[in-house]
Amino acid sequence: MAFAPFHLVAAGVGRLRRPGFDARAAVELTRFNLPFFPPTRYTLAASALLTVINDIIINKRQRVLELGSGFSTAYIAKALDETDGTLISVESNSAWLDHVRAYARCCGVADRLTAIHAPLSPRKGGLDWYDAEILHAELKGKEIDLLLVDGPVASSRAKRR
């Protein structure tokens with residue numbers, strides 16, 4: 001699968017949020033032929049997702065760790081078909097994670113996905129983060145080629161448990 005050349009360094013962070021760039025990226029993502037997944041206000045921008053996918057394919061990533069699951073999860077798992085890799089996705093909301101798992105099954109990529117439920121716990125400075133004990137236990141001894149931090153949800157109204 002070949003994609004238009006979107007490189008993180010060349011694209012620059014500012015371009016990742018331009019509406020035209022997102023529109024072009026959204027068109028490129030249709031090549032995956034995945035079923036519709038309802039986006040939320042927290043959904044990763046199409047341009048950012050395509051940049052991650054390009055990195056996976058170009059650099060032949062084998063194990064990707066995604067903090068925060070959703071729309072991007074199935075697309076990343078599908079991209080990992082190209083490299084015979086796997087995705088570990090960490091999510092604090094167990095109900096949302098069930099939706100993501102079901103979507104991965106529907107897309108035929110469940111075998112590429114390890115979904116981890118890690119509730120949020122308070123940290124110094126008042127910021128919540130994924131339960132460190134769960135993360136350490138689940139990730140111990142695993143090498144990660146690419147880390148995507150797209151969670152946890154930062155707004156106080158949408159804290160995921």
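# Salt bridges and nonpolar cores of a predicted chain

Student: Does Arg-112 count as buried, partly exposed or exposed?

Tutor: The model is predicted, and the relative accessibility of Arg-112 comes to 14%. The cut-off for a buried residue is under 20%. Arg-112 therefore counts as buried.

Student: Which residue meets the side chain of Arg-112 in a salt bridge at 2.5 Å, N to O?

Tutor: Side chains of opposite charge can pair when their charged atoms come close. The partner at 2.5 Å from Arg-112 is Asp-81. Arg-112 lies in the loop between α5 (94-106) and β3 (113-117), and its partner in the loop between α4 (71-79) and β2 (86-91), so the pair ties together parts that are 31 residues apart in sequence. At 34% relative accessibility, the residue that counts as partly exposed is Asp-81.

Student: How many residues apart in sequence are the parts tied together by Asp-84 and Arg-112?

Tutor: The side chains of Asp-84 and Arg-112 form a salt bridge with an N to O distance of 3.2 Å. Asp-84 is in the loop between α4 and β2, whereas Arg-112 is in the loop between α5 and β3, so the separation in sequence is 28 residues.

Student: Which residues are linked with Arg-112 in a network of salt bridges?

Tutor: Arg-112 meets one partner at 2.5 Å and another at 3.2 Å. The second of these partners is exposed, with a relative accessible area of 55%. The residues linked with Arg-112 in the network are Asp-81 and Asp-84.

Student: How many salt bridges does a search of the whole structure find?

Tutor: One of them joins Asp-55 to Arg-61, with the closest N and O atoms 2.7 Å apart. Asp-55 is partly exposed, at 22% relative accessibility. Over the whole structure, the number of salt bridges found is five.

Student: How many of the nine residues of α4 are buried?

Tutor: The buried residues of α4 are Phe-71, Ser-72, Thr-73, Ala-74, Tyr-75, Ile-76, Ala-77 and Ala-79. The helix is largely enclosed by the rest of the structure, because the buried residues among its nine number eight.

Student: Which element gives the most residues to the largest nonpolar core?

Tutor: In soluble globular proteins, nonpolar side chains tend to be buried together. The largest nonpolar core here has 35 residues, and Leu-29, Leu-49, Ile-53, Ile-56, Tyr-75 and Ile-76 touch the most other members. Two or more residues each come from α2 (19-29), α3 (46-58), α4, α5, β3 and β6. With eight residues, the element that gives the most is α3.

Student: How many residues make up another core, which includes Leu-65 and Val-90?

Tutor: In the largest core, Leu-29 touches Ala-46, Leu-49, Leu-50, Ile-53 and Tyr-75, leaving aside residues up to four places away in sequence. Apart from that core lies another, with Leu-65, Val-90, Leu-120 and Tyr-130 among its members, and its residues number 10.

Student: What is the area of the nonpolar surface patch that contains Trp-129?

Tutor: The patch is made by Trp-129, Ile-144, Leu-147 and Val-149. Of these, Val-149 is placed in strand β6 (residues 146-149). The area of the patch is about 340 Å².

Student: What share of the residues in the chain is buried?

Tutor: The chain comprises six helices and six strands, in the order α-α-α-β-α-β-α-β-β-β-α-β. Its accessible surface is about 8,800 Å², of which carbon and sulfur atoms hold 55%. Of its 161 residues, the buried share is 46%.

Note on methods:
Residues are numbered from 1 along each chain as its sequence is written. This is a predicted model: local features need pLDDT of at least 70, side-chain atom pairs count only at pLDDT 80 or more; totals for chains, interfaces and linings use all residues. Side-chain values use heavy atoms; hydrogens and water are left out. A salt bridge is a side-chain nitrogen of Lys or Arg within 4 Å of a carboxyl oxygen of Asp or Glu. Buried means under 20% relative accessible area, exposed over 50%, partly exposed in between (1.4 Å probe, protein chains only). Helices (H or I, at least four residues) and strands (E, at least two) are DSSP runs, numbered from the N terminus. Patches are made of residues with over 30% relative accessible area and no salt bridge: like charges are joined within 9 Å, nonpolar side chains (Val, Leu, Ile, Met, Phe, Trp, Tyr) within 5 Å. Accessible areas come from the Shrake-Rupley method with a 1.4 Å probe; for residues, only the protein chains shown count as cover. A nonpolar core is a set of buried Ala, Val, Leu, Ile, Met, Phe, Trp, Tyr and Cys residues joined through side-chain atoms within 4.5 Å. Contact means heavy atoms within 4.5 Å.
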